[in-house]
Amino acid sequence: YQRFLSVRSLPVPVIAAINGPAIGAGLCFALACDMRIAAHKAKMGLTFATLGLHPGMGATHFLPQIVGPQVASELLLTGK
């Protein structure tokens with residue numbers, strides 16, 4: 001996690017450009033950035049639950065801060 005979270009300690013704002021599929025860890029990396037910009041054709045999903053895995057890579061920390069706790073719970077528990 002140290003290398004993954006190193007994006008949080010950069011002295012400049014970090015913008016994630018999502019221009020395609022960002023599923024699982026790829027979306028978690030985007031969630032760790034300061035801002036996310038997604039193309040219309042971008043596909044995003046946290047499919048950990050559908051695989052029977054715990055949502056890792058900071059998803060349970062960053063997602064509720066971005067979308068709120070209720071929406072985050074729905075996304076994390078249903079795998080949408």
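## Reading the core, a helix face and a salt bridge

Me: Which residues have the most contacts inside the largest nonpolar core, and how many residues does that core have?

Reply: The general idea first: in soluble globular proteins, nonpolar side chains tend to be buried together. In this predicted model, the largest nonpolar core has 20 residues, and those with the most contacts inside it are Leu27, Cys28, Leu46 and Leu63. Two or more residues each are given to this core by β1 (15-18), α2, α3 and α4. The largest share, five residues, comes from α2.

Me: Let's stay with α2, then. Which of its residues are buried, and what do they pack against?

Reply: Buried here means under 20% relative accessible area. In α2, the buried residues are Leu27, Cys28, Ala30, Leu31 and Ala32. They pack against α1, β1, β2 (21-23), β3, β4 and α3. Take Leu27 as a worked case: leaving aside neighbours within four places in sequence, Leu27 is in contact with Ala22, Met44, Gly45 and Leu46.

Me: And α3? Which residues of that helix are buried?

Reply: Helix α3 covers residues 59-67, and its buried residues are Ala59, Phe62 and Leu63. They span an arc of only 95 degrees around the axis, so they sit on the same side of α3. As for what covers them, the list includes α1 (2-5), α2 (25-32) and α4 (69-78).

Me: What should I look at in the backbone at the two ends of this helix?

Reply: Check the sign of phi. After α3 comes Gly68, whose phi is positive, near 95 degrees. On the other side, Met57 lies in the loop between β4 (43-45) and α3. Met57 is a residue other than glycine, yet its phi is also positive, near 55 degrees. Its side is worth a look too: Met57 is partly exposed, with a relative accessible area of 25%.

Me: Now for charges. How many salt bridges are there, and which residues form a salt bridge with Asp34?

Reply: The test is a side-chain nitrogen of Lys or Arg within 4 Å of a carboxyl oxygen of Asp or Glu. By this rule the count is one salt bridge. Asp34 forms a salt bridge with Arg8, and the closest N and O atoms are 3.6 Å apart. The pair links distant parts of the chain, 26 residues apart: Asp34 is in the loop between α2 and β3, and Arg8 is in the loop between α1 and β1.

Me: Is this pair buried or exposed?

Reply: Neither label fits, because partly exposed is the class in between. Asp34 counts as partly exposed at 43% relative accessibility, and Arg8 is partly exposed at 42%.

Me: What else is in contact with Asp34, leaving aside its neighbours within four places in sequence?

Reply: Besides Arg8, Asp34 is in contact with Val12, Pro13 and Val14. For a backbone view, try C-alpha distances: the C-alpha atoms of Asp34 and Ala16 are separated by 7.8 Å, although these residues are 18 residues apart along the chain. To place Asp34 on your screen, look for the loop between α2 and β3 (35-38).

Me: One last feature. Which residues make the nonpolar surface patch?

Reply: A nonpolar patch gathers side chains that are not buried, so its members need over 30% relative accessible area. Here Ile15, Met35 and Ile37 make a nonpolar surface patch of about 290 Å². Of these residues, Ile15 lies in strand β1.

Key. Residues are numbered from 1 along each chain as its sequence is written. This is a predicted model: local features need pLDDT of at least 70, side-chain atom pairs count only at pLDDT 80 or more; totals for chains, interfaces and linings use all residues. Side-chain values use heavy atoms; hydrogens and water are left out. Buried means under 20% relative accessible area, exposed over 50%, partly exposed in between (1.4 Å probe, protein chains only). Helices (H or I, at least four residues) and strands (E, at least two) are DSSP runs, numbered from the N terminus. The arc is that of the directions from the helix axis to the C-beta atoms. Contact means heavy atoms within 4.5 Å. A nonpolar core is a set of buried Ala, Val, Leu, Ile, Met, Phe, Trp, Tyr and Cys residues joined through side-chain atoms within 4.5 Å. Patches are made of residues with over 30% relative accessible area and no salt bridge: like charges are joined within 9 Å, nonpolar side chains (Val, Leu, Ile, Met, Phe, Trp, Tyr) within 5 Å. Accessible areas come from the Shrake-Rupley method with a 1.4 Å probe; for residues, only the protein chains shown count as cover.
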